[in-house]
Amino acid sequence: MHGGHTGMNVPCNTMIWNMTRKCNFRCEYCYFPHDNSPVTETLDAHRIKDFLDGTGETWKVGLTGGEPFIYPGVIDICQTLTQTHIIGIDTNLSVSSKVRTFAERIDPARVHNLYVALHIEERERVKGVNAFIDNARLLLDKGFEIIVNYVVHPTLEERFHRDVAFFADHGIAITPRPFRGTSEGRRYPEAYGDRARAIFADHPEQGKKVAFNLEHLPCSAGRTLLRMEPDGTVFRCPGDKTVLGNVMDEVTLYEGCPPCTKKRCPCRGLDHVQLTDAQASLVEGVQFAVVAENGASLTAFEQAMATSPGHPCAENNLGVLAWRHGDRDAAVRRFEHAMKARPDNELYAANLDGARAETPDFDPGICLDVNADAAPR
């Protein structure tokens, strides 16, 4: 499940530092309110480094926001942290002066990657396409790994391949990401259907961006995965806001692998949770299903069923695949089996009702409840 920089041994221990919620872009679909005022709440990177050093482990520190490059002293922070740890950065790559300084002062071998959001419509609005190309090429030429992320919203599907070709002409590869949400009454990513194959054929790893339900499963978050807020408060993980302390004072990490407490894991949980064989197969099947690799998805779901017969989540998802292949009867049977095992499950009920409708026109939902083989609660 681990991504990685070529030739780099990326540590499993990860701290996600939410540096700021401020950003110099104002994308319509952003879930943070737009705020481009100066960042005034800052932390001492040396204290952060001392805390991480004190664990005796090498950490990957993910700098995210908001926009990290508007953070005061961000290059000095990167330099401090990379003395003993690895960093990754989520950025729109728009602050050209900081990007140039970063490229000159930071060792690419200490940077996992720069995860760059293209936001093509916003970038065009601010007339920043050429600057983006220059900044990306500078970093690539210096040896940094850049992942340019393009959320394929349904309104962008038609232009997506043109944008891929345009940036390829400048030596910049585009990585498509599935849109998750509702557009014109259709649920995504399910509503991509077979179109997903044309979009994600070269990027099956994008199925790994799914936010699974890992509730009750043993997880080392709080020990090998942390989230730090702008004021230094450290949470167990991005989903579980249990406070472990403050990096400017004292932080007490968990021991062992206490159960996950959330129904939706928003970030990197699969690198830290302990799965049974059936659950691992289920995860793999969902990841393939999201990008319409239906054959590989079928194999994985059938393996989950073989390992855990009657697994309701696998039954449901096999129903989704049957529906995609136009086999309505098989889909109904699978959804019925899932409902019989978990009569309280709203997703299974909605899928069954939709498949039984006189004029069915819906996108059956994929089950993300990894532990759904447990008894109803």
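Trainee: What share of the 377 residues of the protein chain counts as buried?
Mentor: The buried share is 53% of the 377 residues. Buried stands for under 20% relative accessible area, exposed for over 50%, and partly exposed for the range in between, with a 1.4 Å probe and protein chains only. This is a predicted model, in which local features need pLDDT of at least 70, side-chain atom pairs count only at pLDDT 80 or more, and totals for chains, interfaces and linings use all residues. Residues are numbered from 1 along each chain as its sequence is written, and side-chain values use heavy atoms, with hydrogens and water left out.

Trainee: How many helices and strands does the protein chain have?
Mentor: The protein chain has 12 helices and 11 strands. These are DSSP runs numbered from the N terminus, helices being H or I with at least four residues and strands E with at least two.

Trainee: And why does the chain count as compact as a globular protein of that length?
Mentor: Its radius of gyration is 22 Å, close to the 21 Å from the globule rule for 377 residues, so the protein chain is as compact as a globular protein of that length. The radius is taken over C-alpha atoms, and the rule is 2.2 Å times the number of residues to the power 0.38. Along the principal axes, the C-alpha atoms fill a box of roughly 60 × 50 × 40 Å.

Trainee: What part of the contacts comes from residues 24 or more positions apart?
Mentor: Such pairs make up 72% of the contacts with a separation of 6 or more. A contact requires heavy atoms within 4.5 Å.

Trainee: Turning to cysteines, how many disulfides does a search of the whole structure find?
Mentor: The search finds one disulfide, formed by Cys313 and Cys367 with their sulfur atoms 2.2 Å apart. The criterion is a pair of cysteine sulfur atoms within 2.5 Å.

Trainee: Where do Cys313 and Cys367 sit in the chain?
Mentor: Cys313 lies in helix H10 (residues 312–324), and Cys367 in the segment after helix H12 (346–356). The pair is 54 residues apart and links distant parts of the chain. Cys313 is buried at 0% relative accessibility, and Cys367 is buried at 1%.

Trainee: Which handedness does the disulfide have, left or right?
Mentor: The torsion about the S-S bond is about -120°, so the disulfide of Cys313 and Cys367 is left-handed.

Trainee: Why is Cys237 not bonded to Cys265?
Mentor: The sulfur of Cys265 is the closest cysteine sulfur to that of Cys237, but at 6.3 Å the distance is too far for a bond. Cys237 is buried, at 14% relative accessibility.

Trainee: A different residue now: where is Lys262, and what does it touch?
Mentor: Lys262 is in the loop between strand S11 (243–246) and helix H8 (277–290). Not counting residues up to four places away in sequence, Lys262 touches Asn213, Leu214, Glu215, Gly239 and Asp240. Lys262 is partly exposed, with 36% relative accessible area. Its C-alpha atom is 27 Å from that of Glu302, which is 40 residues apart from Lys262 along the chain.

Trainee: And Gly354, is it buried or exposed?
Mentor: Gly354 is buried at 14% relative accessibility, and is found in helix H12. Leaving aside neighbours within four places in sequence, Gly354 contacts Trp323, Pro360 and Phe362. The C-alpha atoms of Gly354 and Pro364, 10 residues apart along the chain, are separated by 7.5 Å.
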